[in-house]
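Have a look at the chain below. The text after it walks through the fold one step at a time.

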Amino acid sequence: MPASPSFRIGQGYDVHAFGPGDHIMLGGVKVAHERGVLAHSDGDVVIHALCDAMLGALALGDIGRHFPPSDPQWKGADSRSFLRHCQHLIGERGWSLGNADITVICERPKVGPHADAMRALLAHDLQVPVDALSIKATTTEKLGFCGRGEGIAAQAVVLLVRA
């Protein structure tokens, strides 16, 4: 059997439709917005995509497998608890997070003014330096569900390295 590699890569994607509310959660930060999101937990697309990327790199399925929306204990849950759980799984398997690159896809709200606060919270929860995390945003040039303002999406890529 060949030696196992010294790194693993995972990718994740999450999307939520907008619904009633006055804010959305992005990377653990409460961002004022004219709408909320429809979700079982707090609907944080940044953290959900990041968790899926982390779990994918570990070959442990997706966030729904670990925190099923059918389970009432996750109703309204703070997604940062999901992230800390995924970080624990990484550590107990002998890996550490090398870096993560996250892209938020939406026309609004503007992500840039909140990116540093998101990076700081995520770095704290993941126990990594802030410069191991990149958060950026793009629009879809008013195309598709994001472009029409119907929802928000995020994608994430992570690199895990042997601890």
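Leaving aside its neighbours within four places in sequence, which residues is L58 in contact with? The model is a predicted one, and in it L58 touches R8, L89, I90, R93, W95 and L160. L58 itself sits in a loop, between α1 (45-57) and α2 (63-66). Is L58 buried or exposed? L58 counts as buried because its relative accessibility is 6%, and the cut-off for buried is under 20%. T140 lies elsewhere: 82 residues along the chain from L58, with 31 Å between the two C-alpha atoms.

Now take the wider view. An unreviewed UniProt entry annotates residues 7-160 as "domain: 2-C-methyl-D-erythritol 2,4-cyclodiphosphate synthase". Helix makes up 31% of the chain over residues 7-160, and strand 32%. The end C-alpha atoms of that stretch are 5 Å apart.

Next comes the interior. In soluble globular proteins, nonpolar side chains tend to be buried together. Here the largest nonpolar core has 48 residues. L26, L50, L122, I152 and V158 have the most contacts inside it. Several elements give two or more residues to this core. The helices are α1, α3 (79-92) and α4 (115-126). The strands are β2 (23-26), β3 (29-32), β5 (95-105), β6 (133-138) and β7 (151-162). The most comes from α1, which gives ten residues.

V158 shows what such a position looks like. Not counting residues up to four places away in sequence, V158 touches R8, I9, G10, L50, A53, M54, A57, L97, N99 and A100.

How do the helices pack? Start with α1 and α3. Their axes are 9 Å apart, at an angle of about 15°. The two helices are therefore roughly parallel to each other, since angles under 35 degrees count that way. Their crossing is left-handed. On the α1 side, I47, H48, L50, C51, M54 and L55 make the contact. On the α3 side, S79, R80, F82, L83, C86, Q87, L89 and I90 do so. L89 and I90 have appeared before, as contacts of L58.

Then turn to α1 and α4. Their axes come within 12 Å and cross at roughly 40°. This crossing is right-handed. V46, I47, L50 and M54 of α1 meet M118, L122 and L126 of α4. Both L50 and L122 were named above, among the residues with the most contacts inside the core.

Key:
Residues are numbered from 1 along each chain as its sequence is written. This is a predicted model: local features need pLDDT of at least 70, side-chain atom pairs count only at pLDDT 80 or more; totals for chains, interfaces and linings use all residues. Side-chain values use heavy atoms; hydrogens and water are left out. Helices (H or I, at least four residues) and strands (E, at least two) are DSSP runs, numbered from the N terminus. Buried means under 20% relative accessible area, exposed over 50%, partly exposed in between (1.4 Å probe, protein chains only). Contact means heavy atoms within 4.5 Å. UniProt positions are given in the numbering used here, feature names are shortened, and annotations may be inferred rather than shown by experiment. A nonpolar core is a set of buried Ala, Val, Leu, Ile, Met, Phe, Trp, Tyr and Cys residues joined through side-chain atoms within 4.5 Å. Axes are lines fitted to C-alpha atoms, for helices over the stretch in contact, and angles run from 0 to 180 degrees between N-to-C directions. Angles under 35 degrees count as roughly parallel, over 145 as roughly antiparallel, 65 to 115 as roughly perpendicular and the rest as oblique. A crossing is left-handed if the near helix is turned anticlockwise from the far one by less than a right angle, and right-handed if clockwise.
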